[in-house]
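Visitor: I'd like to go through a few of the labels people put on a model like this. Could you show me the structure, and we'll take them one at a time?

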Amino acid sequence: MAHSVQQLPYDLTALEPHISRETLEFHHGKHYAGYVAKLNAAIEGKDEDKLSLLDLVKKGPSTAYFNNAAQTWNHEFYFNAFSAKGAREPSGDLAKAISAKFGDFAKFREAFNAQATGLFGSGWTWLVLDGKGELAIVNTGNAGNPVNDGMTPLMTCDVWEHAYYIDYRNLRPDYLKGFWEVLDWNVVGQHYAAAK
Ligand code: MN
């Protein structure tokens, strides 16, 4: 069963000016679609062809297809968390948990920004539930996914340069400012509710 390229749940211009049409055309239409194609090529006709995308990721970084499986999963998780008009702050149980762990929402964003700008090279910054069920901010390098460390992803920011170079050139901190303007906390809240 081949994995298909998921359509974005919004128009290519919906996230402008924070994430441009041109960025989505390359990031979704070329980079992400390329990972899906390479994943399918790597597992075609093999036993792994029957596994779900998440189960392929959970097989871990030692597999030949891991990078393309994890990049496919990570990008779908990332793109699906944006919306033109969504909740720009957490609410309910997630808001309480963020305040309890990080002080308040502003301090959480500061901590997340520091983690994301501190990641050397390519990778992802995540809000997760760790192995003890506590909120945590973690980085993974390259295609890494926290599920391989026993954690549950709630939200992620792609900090590969291909995510921001068209709109922000080398300025990752400016990309993060835009990221918070389009992230939909309703989606993150749904992940939190499902994980608890
Ligand atoms: Mn990417």
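Visitor: What makes Trp180 count as buried or exposed?

Guide: Keep in mind that this is a predicted model. Trp180 comes out at 8% relative accessibility, and buried means under 20%, so Trp180 counts as buried. Phe108, at 0%, counts as buried by that cut-off too.

Visitor: Why is the pair of Phe108 and Trp180 called edge-to-face?

Guide: Rings pair if their centres lie within 6.5 Å, and planes over 60 degrees apart count as edge-to-face. Here the centres are 6.0 Å apart and the planes sit at 75 degrees, so edge-to-face it is.

Visitor: How do you know that this pair links distant parts of the chain?

Guide: Phe108 belongs to helix α5 and Trp180 to helix α7, with those positions 72 residues apart. The structure holds 20 aromatic pairs. Another one is Tyr78 with Phe82: centres 4.8 Å apart, planes at 80 degrees, so edge-to-face again. Both of those residues are buried.

Visitor: Why is strand β1 described as largely enclosed?

Guide: Seven of its seven residues, 123-129, are buried, so the rest of the structure largely encloses β1. Both faces are covered: Thr125 and Leu127 are among the buried residues on one side, Trp124 and Val128 among those on the other.

Visitor: What makes β1 and β2 a strand pair?

Guide: DSSP has to find at least two bridges, and seven join β1 to β2, running antiparallel. Leu129 stands opposite Leu135 there. β3 is also antiparallel to β1, with six bridges, and Met155 in β3 is the bridge partner of Leu127.

Notes. Residues are numbered from 1 along each chain as its sequence is written. This is a predicted model: local features need pLDDT of at least 70, side-chain atom pairs count only at pLDDT 80 or more; totals for chains, interfaces and linings use all residues. Side-chain values use heavy atoms; hydrogens and water are left out. Rings of Phe, Tyr and Trp (its six-membered ring) pair if their centres lie within 6.5 Å; planes under 30 degrees apart count as stacked, over 60 as edge-to-face and the rest as tilted. Buried means under 20% relative accessible area, exposed over 50%, partly exposed in between (1.4 Å probe, protein chains only). Helices (H or I, at least four residues) and strands (E, at least two) are DSSP runs, numbered from the N terminus.
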